[in-house]
Amino acid sequence: MKLLLRLLLVMGAFYAVGVLVPGVSLSGDPVDLLVIALVFGVLNLLVKPVLTLLSMPFVLLTLGLFLLVVNAAVLGLTAALTSRLDVDGVGAAVVGALVISVVTFVGERALGLKD
């Protein structure tokens with residue numbers, strides 16, 4: 001049940017990014033949002049830890065702010081792997097990653113998904 005709620009939350013976060021962030025566009029219906037959320041989840045599971053480990057000196061030097069760049073890279077990879085999401089540039093990716101992080105953070109706390 002928690003996995004389904006998290007998936008719906010990430011779908012909502014991507015919808016919010018598509019509406020709020022210029023330079024990020026979504027195409028399609030809710031099923032396409034589901035595909036985007038699933039691809040993003042798999043990349044977060046497999047690729048993000050490797051990127052975080054490789055960029056650890058920058059993360060430590062910037063006191064964690066470089067993790068926004070890592071999240072933007074994962075968002076860019078998601079856009080590259082799906083034809084339903086387009087990200088126009090690094091700035092849009094960073095702002096989009098920030099919106100996704102904030103929406104999922106607030107949503108997880110509000111729904112009680114974080115222990």
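## A guided tour of the predicted model

Begin with the whole surface displayed: the protein exposes about 6,800 Å², of which carbon and sulfur atoms supply 76%. Please keep in mind throughout that this is a predicted model.

**The whole chain.** Show the C-alpha trace alone and turn it along its principal axes, where it spans about 40 × 35 × 25 Å. The radius of gyration of the protein is 14 Å, which agrees with the value near 13 Å that a compact globule of 115 residues would have. If the residues are then coloured by burial, 32% of the 115 count as buried.

**The elements in order.** Switch to a cartoon view, in which six helices and two strands make up the secondary structure. Followed from the N terminus, the elements run α-β-α-α-α-α-β-α. Among contacts with a separation of 6 or more, 67% are between residues 24 or more positions apart.

**The charges.** Select next the 6 positive and 6 negative charges of the protein; their mean positions lie 13 Å apart.

**The nonpolar core.** Which residues should be selected in the largest nonpolar core to find those that touch the most other members? They are Phe14, Val17, Val24, Phe40, Leu85 and Ile100, out of the 20 residues in this core. The elements to colour around them are helix H1 (2-20), helix H2 (30-46), helix H5 (67-81) and helix H6 (90-111), each of which gives two or more residues to the core. H1 contributes the most, with six residues.

**Valine 17.** Centre the view on valine 17, one of the core residues just listed. With neighbours within four places in sequence left aside, valine 17 is in contact with Val24, Gly96, Val99 and Ile100. Of these partners, Val24 and Ile100 are also among the core members that touch the most others.

**Glycine 96.** Follow the contact from valine 17 to Gly96, which is placed in helix H6. Is glycine 96 buried or exposed? Its relative accessible area is 0%, and glycine 96 is therefore buried, since that term applies under 20%. Now display what surrounds this residue: apart from residues up to four places away in sequence, glycine 96 touches Val17, Val21 and Leu75.

**A last distance.** To finish, select the C-alpha atoms of glycine 96 and lysine 2 together. The two residues are 94 residues apart along the chain, and these atoms are separated by 24 Å.

Note on methods. Residues are numbered from 1 along each chain as its sequence is written. This is a predicted model: local features need pLDDT of at least 70, side-chain atom pairs count only at pLDDT 80 or more; totals for chains, interfaces and linings use all residues. Side-chain values use heavy atoms; hydrogens and water are left out. A nonpolar core is a set of buried Ala, Val, Leu, Ile, Met, Phe, Trp, Tyr and Cys residues joined through side-chain atoms within 4.5 Å. Buried means under 20% relative accessible area, exposed over 50%, partly exposed in between (1.4 Å probe, protein chains only). Helices (H or I, at least four residues) and strands (E, at least two) are DSSP runs, numbered from the N terminus. Contact means heavy atoms within 4.5 Å. The radius of gyration is taken over C-alpha atoms; the globule rule is 2.2 Å times the number of residues to the power 0.38. Accessible areas come from the Shrake-Rupley method with a 1.4 Å probe; for residues, only the protein chains shown count as cover. Lys and Arg count as positive and Asp and Glu as negative; His and the chain ends are not counted. The place of a charge is taken as NZ of Lys, CZ of Arg, CG of Asp or CD of Glu.
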